[in-house]
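Student: Could we go through this model together? I would like to discuss helix packing and then the pockets.
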Amino acid sequence: MENLLNNLNPSQRAAVEFCDGPSLVIAGAGSGKTRVLTYKIAYLLKSGLPPHYILALTFTNKAAKEMRERITSVVGQEAKNIWMGTFHSVFARILRVEAELIGYPKNFTIYDTDDTKSLIRAILKEMNLDDKLYNANHVYGRISSAKNNLISPQEYNKNEAIMAEDIANGRPQMGQIYMTYAQRCYRAGAMDFDDLLFKTNVLLNKYPEVLHKYQHQFK
C-alpha cells in the first residue's frame with residue numbers, strides 16, 4: 001500500500017487516503033485529478049473493498065476508457081469488475097433492468113438528437129406554430145435544459161417564472177410542446193439522451209430500494 005502512495009504528492013495522497021465520507025477535490029488543469037481518482041480506486045481495492053462495490057462515472061467514453069486502463073496498470077485485472085462508464089451509459093444500463101417500474105419497456109428505444117428534433121418538428125407542425133419563432137433547435141435546448149434541471153413537463157407548466165419567461169420571449173406554447181413531446185416519447189417506449197439522466201432520477205426517487213440494490217451489487 002505504501003508503495004502505491006509513494007507515487008503521489010502530499011495533496012494527492014491526502015485526497016486518496018481520505019475515506020471517512022464524501023469528499024470534493026478541486027484542482028486546476030494538469031494538477032493530477034485523474035491520477036487522484038485512479039489511485040483512489042486502486043487504494044480502495046487494495047484496502048479490501050470488492051471491485052463490484054465501486055462505481056466510477058465520467059462525462060465521456062474516452063475518459064472512462066483512459067480511467068480503466070490506468071487502474072488496470074496499477075491493480076491488474078481486478079479493474080474489469082468495476083462498473084465504470086459515462087453517466088449516460090451506466091444509467092442506461094440501470095434503466096434496461098428497471099424501466100418497467102416507471103412504465104417503460106426494458107427494450108426502450110433511445111432517441112438520438114436527430115430523432116428528437118424530428119419529433120419536435122412534427123409536433124410544431126401539428127400545433128401549427130411558426131417554425132422560425134419556435135425553432136426546433138431552440139425548443140430542443142429548452143426541453144433539454146428543463147430535464148437537466150430535473151423539471152418535469154408537469155412542473156414546467158406549473159412554474160410561473162418559467163411560463164412568464166416563455167411568454168416574454170413570445171413562445172407561450174413551450175410548456176405544451178414539452179408536455180406533448182414527453183407524452184409521445186412515453187407512448188413510443190422511447191427516451192432521449194437527457195431522459196437517461198432524468199428518468200434515472202425519477203426511478204431512484206420513486207423506488208429508493210432500487211438505489212439500495214445497486215449500492216451493493218454493481219455488476
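**Helix packing and pockets**

Tutor: In this predicted model, helix α6 (residues 113–126) and helix α7 (residues 136–148) have axes that come within 9 Å and cross at roughly 110°.

Student: How are α6 and α7 oriented, roughly parallel or roughly perpendicular?

Tutor: Angles of 65 to 115 degrees count as roughly perpendicular, so α6 is roughly perpendicular to α7. Their crossing is right-handed.

Student: Which residues make the contact?

Tutor: From α6, the contact is made by T113, T116, K117, I120, R121 and L124. On the α7 side, A136, N137, V139, Y140 and I143 take part. By class, the contact of α6 with α7 has six nonpolar, three polar and two charged residues.

Student: Staying with α7, at what angle does it pack with α10?

Tutor: The angle between α7 and α10 is about 75°, and their axes lie 11 Å apart. These two helices are therefore roughly perpendicular to each other.

Student: And which residues meet there?

Tutor: H138, V139, R142, I143, A146 and K147 in α7 meet M174, I177, Y178 and Y181 in α10. Sorted by class, this contact of α7 with α10 has seven nonpolar, one polar and two charged residues.

Student: Let us move towards the N terminus. How do α2 and α3 cross?

Tutor: The axes of helix α2 (residues 10–17) and α3 come within 9 Å, crossing at roughly 45°. That angle makes α2 oblique to α3. The crossing in which α2 passes α3 is right-handed.

Student: What makes up that contact?

Tutor: Q12, A15, V16 and E17 of α2 are in contact with R35, V36, Y39, K40 and Y43 of α3. The residues of this contact between α2 and α3 divide into five nonpolar, one polar and three charged.

Student: Now the pockets, please. How much space lies in the largest pocket?

Tutor: The largest pocket holds about 680 Å³ of space. It is lined by 19 residues, and those closest to its centre are L37, I41, L55, A56 and L57.

Student: Which elements supply that lining?

Tutor: At least two residues each come from α3 (33–46), β1 (55–58) and α4 (61–75). The largest share, six residues, is from α3.

Student: So α3 appears again. What is the class make-up of the lining of the largest pocket?

Tutor: The lining of the largest pocket consists of 14 nonpolar, two polar and three charged residues.

Student: What about the second largest pocket: how much space lies in it, and what lies nearest its centre?

Tutor: The second largest pocket contains about 260 Å³ of space. Its lining has 14 residues, with I102, Q154, F198, K199 and V202 nearest the centre.

Student: Which elements give two or more residues to that lining?

Tutor: They are α8 (153–158), α10 (174–187) and α11 (193–206). Thus α10 contributes to the lining of the second largest pocket and also packs with α7.

Student: Last one: how does that lining divide by class?

Tutor: The lining of the second largest pocket has eight nonpolar, three polar and three charged residues.

Key: Residues are numbered from 1 along each chain as its sequence is written. This is a predicted model: local features need pLDDT of at least 70, side-chain atom pairs count only at pLDDT 80 or more; totals for chains, interfaces and linings use all residues. Side-chain values use heavy atoms; hydrogens and water are left out. Axes are lines fitted to C-alpha atoms, for helices over the stretch in contact, and angles run from 0 to 180 degrees between N-to-C directions. Helices (H or I, at least four residues) and strands (E, at least two) are DSSP runs, numbered from the N terminus. Angles under 35 degrees count as roughly parallel, over 145 as roughly antiparallel, 65 to 115 as roughly perpendicular and the rest as oblique. A crossing is left-handed if the near helix is turned anticlockwise from the far one by less than a right angle, and right-handed if clockwise. Contact means heavy atoms within 4.5 Å. Ala, Val, Leu, Ile, Met, Phe, Trp, Tyr, Cys and Pro count as nonpolar, Asp, Glu, Lys and Arg as charged, and the others, Gly among them, as polar. On a 1 Å grid over the protein atoms alone, a cavity is a set of points where a 1.4 Å probe fits but cannot get out, and a pocket is an open set with protein on both sides within 12 Å along at least five of seven lines; lining residues have an atom within 4 Å of a point. Grid points are joined across faces, edges and corners, and a volume is the space filled by probe spheres set on the points.
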